[in-house]
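Please look through the structure shown below, keeping in mind that it is a predicted model, and follow the charged side chains before turning to the chain as a whole.

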Amino acid sequence: MDSSSSVAGLASVDPQLQHFIEVETQKQRFQQLVHQMTELCWEKCMDKPGPKLDSRAETCFVNCVERFIDTSQFILNRLEQTQKSRPAFSESLSE
């Protein structure tokens, strides 16, 4: 099955199923972001694992998570601005 037939097939999908797929895709993206953030911050902040976090590691984790969220939000905002400033792909094809 090529991509054009799969795109055409999506147009005929039940709206409830389409919504479910969108929600699940968003959940998957969120889980990927959490995984990336956890891996990045663990590598940056954890020198030697122990039974408790010391204050330096705890502060590092807090700062790392906050910067990760700030950066992700900045990128999302920038992508939204870029999309709004360009005509949609389907609109440019119909012209």
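In this predicted model, the side chains of R56 and D47 meet in a salt bridge, with 2.8 Å from N to O. Side chains of opposite charge can pair when their charged atoms come close. The two partners are not covered alike, because R56 has a relative accessibility of 41% and so counts as partly exposed, whereas D47, with a relative accessible area of 61%, is exposed, the cut-off for that word being over 50%.

The count of salt bridges comes to three, and another of them joins the side chains of D70 and R67, at 2.7 Å from N to O. Both D70 and R67 belong to helix α3, where they stand three residues apart, or about one turn of the helix. D70 is partly exposed at 41% relative accessibility, and R67 is also partly exposed, at 44%.

In helix α2, which covers residues 15–45, K27 and E24 are three residues apart and therefore separated by about one helical turn, and their side chains meet in a salt bridge of 3.2 Å, N to O. K27 counts as partly exposed at 47% relative accessibility, as does E24 with 31%.

Helix α3, residues 55–85, also holds L79, which is partly exposed at 48% relative accessibility. Together with F74, I75 and L76, L79 forms a nonpolar patch on the surface, with about 400 Å² of accessible area in total.

Taken as a whole, the chain has four helices and zero strands, and of its 95 residues 11% count as buried. Its accessible surface comes to about 8,500 Å², of which 58% belongs to carbon and sulfur atoms.

Note on methods:
Residues numbered from 1 in each chain as written. Predicted model: local features only at pLDDT ≥ 70, side-chain atom pairs only at ≥ 80, totals over all residues. Heavy atoms only, no water. Patch = residues over 30% accessible without salt bridge, like charges linked within 9 Å, V, L, I, M, F, W, Y side chains within 5 Å. Areas by Shrake-Rupley, 256 points an atom, 1.4 Å probe, with all protein chains shown as cover. Salt bridge = Lys/Arg side-chain N within 4 Å of Asp/Glu carboxyl O. Helix = DSSP H or I, 4+ residues; strand = E, 2+ residues; numbered from the N terminus. Buried < 20%, exposed > 50% of the residue type's maximum accessible area, 1.4 Å probe, protein only.
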